[in-house]
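Grab a pencil and work through the exercises below with the structure open beside you. Try each task before reading its solution.

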Amino acid sequence: MPALLAVIAERLEPFAQSFRILVVDDGSTDGTAAACARAAASGLPVEVVRHETNRGPGAAFRTGFLRVLETADPLDLVVTLEGDQTSDASVLPRLLHRVWEEGDHIALASCYLYGGGIEGTRLHRVGLSHVANGLMKKALGLSGLATLSSFYRVYQASALFALRDRYGEDFITTRGFECMVEVLYRAARLGLRISEVPMVLDGSRRVGRSKMKVGRTSIAYLRLAARALTGRL
């Protein structure tokens, strides 16, 4: 965690804009909160919101977004990033440019876009990911996007306000990794502009073990698609 926080600060400082880092500690037992407290004591603008028990990625993102929206301006930018260090922080300036300069509402780092890729991950997991991604794009009518499930994104705060205003504070209803697909589906229905930049996802850099269970996540994706197809999403 300290290394990740330092990298985030390093990538943001050249923009000469004020920023803060919000960490959602989803019931972890690895000392995340203590590490963030040390970083804050050293001068890094870090805030921790803690779930006492693990509630899943969906609840973590919802908690984080709602906390940010308490003080955000609609033109502020909100960066989301998983904490396992598999994403390439060097693509952050390109993501920021898509929203800041080109006017997109959401920009995501895409390992399936030309120029991206997946490394350091078992072949069967890569294959299943490709299949699930393709099926979900068809089922949800999001074929214009290469990647749906990326956690690494930049949102204009106005997009998050629009989601909250339309769907209420429970604008993320799913618990697991499918939550990011739900956000994109709902954002697309609101007519928000979504774009992608290529990124290589490197599983060999992962800190800790992956918490994604392939079987459970596949079933969750199918349930999400069923909700969308029956008008319940």
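## Exercise 1: Who pairs with whom in the sheet

In strand β6, Val-154 is the bridge partner of Val-79. Keep in mind throughout that this is a predicted model.

**Task.** Work out in which order the strands of the open sheet sit, and which of them are the edge strands.

**Solution.**

Step 1. Start from β3 and β6. Strand β6 covers residues 153-156, and it pairs with β3 in the antiparallel sense over four bridges. Besides the pair you just met, Val-78 stands opposite Tyr-155 of β6.

Step 2. Now look for another partner of β6. Strands β4 and β6 are antiparallel too, with three bridges between them. Here Tyr-155 of β6 is the bridge partner of Ile-106, while Val-154 of β6 has Ala-107 opposite it.

Step 3. Carry on from β4. It runs parallel to β7, and five bridges join the two. One of the pairs to look for is Ser-110 with Pro-198 in β7.

Step 4. Put it together. The four strands make an open sheet in the order β3-β6-β4-β7, with mixed pairing. The edge strands are β3 (77-80) and β7 (194-198), since each pairs on one side only. From one strand to the next, the twist averages 20°.

## Exercise 2: Both sides of a strand

**Task.** Take β6 and then β4, and find which residues lie on each face and whether they are buried or exposed.

**Solution.**

Step 1. Recall a general point: side chains in a regular strand alternate between the two faces of the sheet.

Step 2. Apply that to β6. Arg-153 and Tyr-155 are on one side, Val-154 and Gln-156 are on the other, and all are buried, so both faces are covered.

Step 3. Do likewise for β4. One side has Ile-106, Leu-108 and Ser-110, the other has Ala-107 and Ala-109, and all of these are buried. That is five of the five residues of β4.

## Exercise 3: A helix with two neighbours

**Task.** Describe how α6 sits against the sheet and against α3.

**Solution.**

Step 1. Begin with the angle between the helices. The axes of α3 (residues 57-69) and α6 (residues 157-167) cross at roughly 110° and come within 11 Å of each other. Angles of 65 to 115 degrees count as roughly perpendicular, so α3 is roughly perpendicular to α6.

Step 2. List the residues that meet. From α3 come Phe-65, Leu-66 and Leu-69; from α6 come Ala-157, Leu-160, Phe-161 and Arg-164. Sort them by kind and you get six nonpolar, no polar and one charged.

Step 3. Turn to the sheet. Helix α6 packs on it, touching β3, β4 (106-110) and β6, and its direction makes about 75° with that of β6.

## Exercise 4: Finding the cores

**Task.** Which residues have the most contacts inside the largest nonpolar core, and which element gives the largest share?

**Solution.**

Step 1. As a general rule, nonpolar side chains in soluble globular proteins tend to be buried together.

Step 2. The largest nonpolar core here has 38 residues, and Phe-65, Met-136 and Tyr-155 have the most contacts inside it. Elements giving two or more residues to this core are α3, β4, α5 (123-140), α6, α7 (179-189) and α8 (214-229). The largest share is from α7, with seven residues.

Step 3. Zoom in on Met-136. Setting aside neighbours within four places in sequence, Met-136 is in contact with Leu-148, Val-181, Tyr-221, Leu-224 and Ala-225. Another core, of 23 residues, lies apart from the largest one; among its members are Ile-8, Ala-39, Val-91 and Tyr-152.

## Exercise 5: Buried or not?

**Task.** Decide how Leu-12 and Phe-177 should be classed: buried, partly exposed or exposed.

**Solution.**

Step 1. Leu-12 is part of helix α1 (residues 2-12). Its relative accessibility is 15%, and the cut-off for buried is under 20%, so Leu-12 counts as buried.

Step 2. Check the company Leu-12 keeps. Beyond its neighbours within four places in sequence, Leu-12 is in contact with Phe-19, Leu-92 and Leu-96. Leu-96 is 84 residues away along the chain, yet the C-alpha atoms of the two are separated by 9.7 Å.

Step 3. Phe-177 sits in the loop between α6 and α7. Its relative accessible area is 21%, so Phe-177 is partly exposed.

Note on methods: Residues numbered from 1 in each chain as written. Predicted model: local features only at pLDDT ≥ 70, side-chain atom pairs only at ≥ 80, totals over all residues. Heavy atoms only, no water. Axes fitted to C-alpha atoms, helices over the stretch in contact; angles between N-to-C directions. Parallel < 35°, antiparallel > 145°, perpendicular 65-115°, else oblique. Contact = heavy atoms within 4.5 Å. Nonpolar A, V, L, I, M, F, W, Y, C, P; charged D, E, K, R; others polar. Pairing = 2+ DSSP bridges. Buried < 20%, exposed > 50% of the residue type's maximum accessible area, 1.4 Å probe, protein only. Core = buried A, V, L, I, M, F, W, Y, C linked by side-chain atoms within 4.5 Å.
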